[in-house]
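Dear colleague,

I am passing this structure on to you, and the notes below set out what was found in it. Please open it alongside the text and read the two together.

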Amino acid sequence: MASLQGPRAPLEFGGPLGTAALLLLLPATMFHLLLVARSGPARLLGPPPYLPGLEVLWSPRALLLLLTWLGLQAALYLLPARKVAEGQELKDKSRLCYPINGFQALVLTALLVGLGVSVGLPLGALPEMLLPLAFAATITTFIFSFLLYMKAQVAPASALAPGGNSGNLIYDFFLGRELNPRICSFDFKYFCELRPGLIGWVFINLALLVQEAEQRGSPSLAMWLVNGFQLLYVGDALWHEEAVLTTMDITHDGFGFMLAFGDLAWVPFTYSLQAQFLLYHPQPLGLPMAAVICLINAIGYYIFRGANSQKNTFRKNPSDPSVSGLETIPTATGRQLLVSGWWGMVRHPNYLGDLIMALAWSLPCGVSHLLPYFYVLYFTALLVHREARDERQCLQKYGRAWHEYCRRVPYRILPYIY
Ligand SMILES: NC(=O)C1=CN([C@@H]2O[C@H](COP(=O)(O)OP(=O)(O)OC[C@H]3O[C@@H](n4cnc5c(N)ncnc54)[C@H](OP(=O)(O)O)[C@@H]3O)[C@@H](O)[C@H]2O)C=CC1
Ligand SMILES: CC(C)CCC[C@@H](C)[C@H]1CC=C2C3=C(CC[C@@]21C)[C@@]1(C)CC[C@H](O)C(C)(C)[C@@H]1CC3
């Protein structure tokens, strides 16, 4: 099939071969982590304790639970929103509308789960279902991505993403062809990015905490910290939901296997790894160390939130008093680049804050195992790769002004180091 994207569009993730490998590697890694977290030695780099058969992985009950969860989150998405936000301008100069009711969905889900628990819903039984749930989520995302691929076949050219339309089936299936696949006003990518997986992650964490309390009388301090930090992260993402409309995922990437699997399977089942590890490998944690870890998380959050809010405010209204005094570089597009404040420190201060928080989420698990640090390692690789992708796109968008920005702010993520 002929290439549908420009002849100069570079292939990402190692092209068709790299993406074919990732189609297998990502689910395999997720299952490896789930199996190893509950094994005695919990060795990240060792073999899994056993290879589960279909009788362990396949459960109609788990599939039903997953579909009920997706249905519930979709229903909450469709509830009246406190605000409807406009997305970035599209190729055809139009803008899409998005409901801002993610935080409301989190609160309503908490109320519904609370109600369920009060009438006997066994939340503490969820950890035992993680393997079949992850399997159901994997199958569902393969089918979902296939449907998204088929839907893109009939989408107009203006609705296609800049990447993901190379003409190679595997590559395009992985990256995603359509930028904003929708049925009526229901936006699949926006829905998946922030709702079922992210909210599912905090409820899996909560179930692990409840199970720990059932096994040992009360949740450990380490489990409280991991739950608290990650709830703050998810609550923050939903509170600032509108900001996701300017991320690369929404404005640039198509919706295919990478994001569908990432949002619906990878996030809930691997981002809850620290809490999974703690349930099977309790770790002592004293108050002074807990205080230090809280401080690290607070510093990370302060940088992450400060940097993201500064850029979002500036992009929405450059004359807002909180950003109007900052130094900027003009670009040929009419947009400006911040060159002081957080964005004058490094070119991705928000990544730095996110990485500091990632470390704080792993530290409560002690230093006896590498496994709970998987998130820090994976996230560093993801953000370094993401930074390089963003850098390429910014260079294309801003040309000489971007070179000037790089000259004035030479470090990417970590001052004086990288
Ligand atoms: N937990 C997780 O798994 C993940 C979390 N994240 C987090 O998501 C958040 C969003 O990340 P992401 O979408 O990658 O990227 P950013 O929010 O960093 O956005 C990058 C864009 O910001 C704009 N920009 C860059 N430099 C400047 C500047 N100096 N002044 C003004 N605008 C600038 C450019 O777009 P333009 O000029 O067009 O506005 C650029 O394309 C981050 O906090 C990240 O840590 C990301 C991935 C995974
Ligand atoms: C499976 C692959 C290895 C890659 C999948 C990547 C996805 C898991 C991530 C891509 C960008 C993400 C973002 C968030 C979660 C992870 C994914 C989907 C985010 C919603 C987390 C919360 C933050 O506050 C945010 C800024 C809203 C994030 C946006 C990007």
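**Ligands, domains and a helix pair**

By class, the shell around ligand 2 is made up of 9 nonpolar, 2 polar and 4 charged residues. Please keep in mind throughout that this is a predicted model. Of the 15 residues that surround ligand 2, the nearest are Ala237, Val244, Asp249, Gly262 and Trp266, and the elements that give two or more residues to this shell are helix H7 (188-194), helix H9 (221-239) and helix H11 (257-270). Among these elements, H11 gives the most to the shell around ligand 2, with 6 residues.

Turning to ligand 1, you will find 21 residues around it, of which Thr247, Leu338, Trp343, Asn350 and Asp354 are the closest. At least two residues of this shell come from each of helix H13 (287-316), strand S6 (336-338), helix H14 (349-362) and helix H15 (374-398). Sorted by class, the shell around ligand 1 has 9 nonpolar, 6 polar and 6 charged residues. Where does ligand 1 lie with respect to domain 1 and domain 2? Because domain 1 (8-86 + 97-282) and domain 2 (286-418) both give residues to its shell, ligand 1 lies between them.

These two domains are the ones into which the protein chain is divided, and their centres, taken over C-alpha atoms, are separated by 24 Å. The contact between them takes 25 residues from domain 1 and 23 residues from domain 2. On the side of domain 1 that touches domain 2, helix H1 (15-37), H9 and helix H12 (273-280) each supply at least two residues, and H9 gives the most, with 9 residues. The residues of that side of domain 1 divide into 18 nonpolar, 5 polar and 2 charged. H9 therefore deserves a second look while you have the model open, because H9 is among the elements that give two or more residues to the shell around ligand 2 and also gives the most to the side of domain 1 that touches domain 2.Finally, there is a helix pair to look at, in which helix H3 (residues 60-77) and helix H8 (residues 196-216) pack at an angle of about 120 degrees, with their axes 10 Å apart. The crossing of H3 and H8 is right-handed. Where the two helices meet, Trp69, Leu70 and Gln73 in H3 are in contact with Pro196, Ile199 and Gly200 in H8, and by class this contact has 4 nonpolar, 2 polar and no charged residues.

With best wishes

Notes
Residues are numbered from 1 along each chain as its sequence is written. Chains are lettered from A and ligands numbered from 1 in the order in which they are written. This is a predicted model: local features need pLDDT of at least 70, side-chain atom pairs count only at pLDDT 80 or more; totals for chains, interfaces and linings use all residues. A residue is near a molecule or strand if its C-beta atom, placed from the backbone, lies within 6 Å of it. Helices (H or I, at least four residues) and strands (E, at least two) are DSSP runs, numbered from the N terminus. Ala, Val, Leu, Ile, Met, Phe, Trp, Tyr, Cys and Pro count as nonpolar, Asp, Glu, Lys and Arg as charged, and the others, Gly among them, as polar. Domain bounds come from an automatic or database domain assignment. Two residues are in contact if their C-beta atoms, placed from the backbone, lie within 7 Å. Axes are lines fitted to C-alpha atoms, for helices over the stretch in contact, and angles run from 0 to 180 degrees between N-to-C directions. A crossing is left-handed if the near helix is turned anticlockwise from the far one by less than a right angle, and right-handed if clockwise.
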